[in-house]
Amino acid sequence: MGIHYDVGRKTRADVQGKPSKFHFIIIKPTHYDDEGYPIQWLRSAIPSNTLACLYGLAEDCQNRNVLGDGVELKLHSYDETNRRVKPERIAKMVRKDGGSALIALAGVQSNQFPRALDLARQFRALDIQVCIGGFHISGCVSMLPEIPQQIVDAQNEGISFFAGEAENQRLDEVLEDALHGTLKPLYNFMNDLPNLDSQPDPILPQKHIIRTAGSHSSFDLGRGCPYQCSFCTIINVQGRKSRSRSADDVERIIRRNYAQGINRFFITDDNFARNKDWEALFDRIIDLRQNHGFNIKFIIQVDTLCHRIDRFIEKACAAGVTRVFIGLENINPDNLLAAKKRQNKITEYREMLQEWRAHGATTYAGYILGFPSDTRESILRDIEIIKKELPLDLLEFFYLTPLPGSEDHLNLYRKNIWMDEDLNKYDLNHRVAHHDKMSDEEWENVYLEAWMTYYSPEHIETVLRRAATHPKGRPSNKLFLMLFFYLMVKLEGVHPLEGGFFRLKYRKDRRSSLPLENPFAFYSKYFTEIISKSLSYLKEGSRYYWLYYKLLKAPDRKSYTDTALQKSSDEEEEGLRLYKDTAGGEAAVEKKKKAQALRDRVAAKKVGAQYN
């Protein structure tokens, strides 16, 4: 398999009668559900940062007139998680308005690649140029010894691909090539990661934002991660060196969004605690909040050692961080070591979560199921330990998945070990490999058991009672979030990160490899689902909100406590099941003791040196 990298590009002087209009149409594709229908909502849960980044870069191209005098660059954008994409209608719009067009399928993850290909082929059949970019393309280019056949086949159909990041005016080249009809099969920038300082702002028009729950927008302030987790694609796509936007950048991004009525944001940095400029960025946001009256709030993602950074949590919350996603991943040190996640110390989990709680932040954590030593019994045991001993609000579960672009995927690829060929399943919500200790059925069953175990009525009540004791606990918000997570899995069959409000389905948008359903059968089933799910939402919501109102009136509301909330002595801490029952837990405690003893000796020597 091979790719032709060099395609001759015509200069503007070579092209006669170039169009007066050029349509750049950016689409963030969704992926298919188990029945082959695109996962779409009236309101989706999470805004697309890639869409915002590429729209901002395209806007910059428009402002700089990169296609030359006499060519009007027109921008269009779609987030398919909350807006239907109809290639025929888009092609008709282009023909009616005049000019030529390029479809950019942006931010395509592995699970979205089948949907992206289906859309790309529909656009190519309509004689519109297409370029696909995102983590799947970049991951394959960066890690695999040869390009997957699916990509090569698509190139042979005239579909172009983009690997890497489009900053540093790299989008100019793609747009100019598309204008001249000379798109390359592959634009490969994987070996040249750009600086982010003073790059065009990630921005989306308000019409996009109002289609997301809570009207959140998103932007990234940094890229790159210093760690080596074997299941992660970030380090192989965005690199291990921290690259950051500036404080001026973040202020400008916030002000532009605030001017169009947007004041809630998801900062999508994979680990904001390792952004080398985190303090300057937080200080500028704090200034906007305290001295300029900006009512802004944020969701961020961090690692489990963020509390060891002096004043990080304090400044985060002062900057308006109300929700924080933490890469907990597992509570067994042996599992973490096997995945090269050496930075996670289970002896730090309680202190870290208690500190976020003390500042009033809602905590989410990701938890991976399927590490080599996992069994059904160990997984369910560990979830019970988390429920009782860690003051965590929301827990979301993922299959250990060998994502293209990760070290895990490369290792299985080299050993020719089975991985599911259907990329649509690579959403962390489906099993795509075998496990050494669990059968396929057992692994799939315990994945669902994990969700139902953590989001049991008893534990939802516990989390609400914990929240009710804190002046910034916001128990009503936590109940809403917990119900959303629980019901997305139970009723919709999707991961909460792909969830939304009111599921939309269109019969003719079904995956190309599956037959169209009979209209009567499709619409009967769809409307039955709507009624059934609506009744279930009403039933579950009424049940838990009744529990919430009872809790508000409870006389011991403010005095409740449990093991997770208590700051324990060293002896009490060592007696926790978190350390006694987990694989490698007691060894982790001993390691922490030795490290503390060493720090104490070093401190004592420094004090002694001062007196001598």
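Select L73 and display its surroundings: leaving aside residues up to four places away in sequence, L73 touches F22, F24, A58, C61, Q62, L67 and L175, where contact means heavy atoms within 4.5 Å. The model on the screen is a predicted one, in which local features need pLDDT of at least 70 and side-chain atom pairs count only at pLDDT 80 or more, while totals for chains, interfaces and linings use all residues. Residues are numbered from 1 along each chain as its sequence is written, and side-chain values use heavy atoms, with hydrogens and water left out.

Stay with L73 and colour by secondary structure: L73 belongs to strand 3, residues 72-79, where strands (E, at least two residues) and helices (H or I, at least four) are DSSP runs numbered from the N terminus. L73 has a relative accessible area of 8% and is therefore buried, the term standing for under 20% relative accessible area, with exposed over 50% and partly exposed in between (1.4 Å probe, protein chains only). Now add L42 to the selection; L42 is 31 residues from L73 in sequence, and the C-alpha atoms of the two are 30 Å apart in space.

Next, select K184, which is found in the loop between helix 6 (170-180) and strand 7 (186-188). Is K184 buried or exposed? Its relative accessibility is 18%, so K184 counts as buried. Show the side chain of E173 as well, and a polar contact of 2.9 Å appears between the side chains of K184 and E173; such a contact is a pair of N or O atoms within 3.5 Å, of which, within protein, one must be able to donate a hydrogen and the other to accept it, and residues adjacent in sequence count only if both atoms are side-chain atoms.

Move on to helix 15, residues 407-414, in which D408, H409, L410 and L412 are buried. Bring up helix 4 (135-143) beside it, since helix 4 is included in what covers the buried residues of helix 15. After helix 15 comes N416, with a positive phi near 55°.

Finally, zoom out to the whole protein, whose secondary structure comes to 22 helices and 16 strands. The C-alpha trace spans about 80 × 75 × 55 Å along its principal axes, and buried residues make up 58% of the 612 residues. Of the contacts between residues at least 6 apart in sequence, 81% join residues at least 24 apart.
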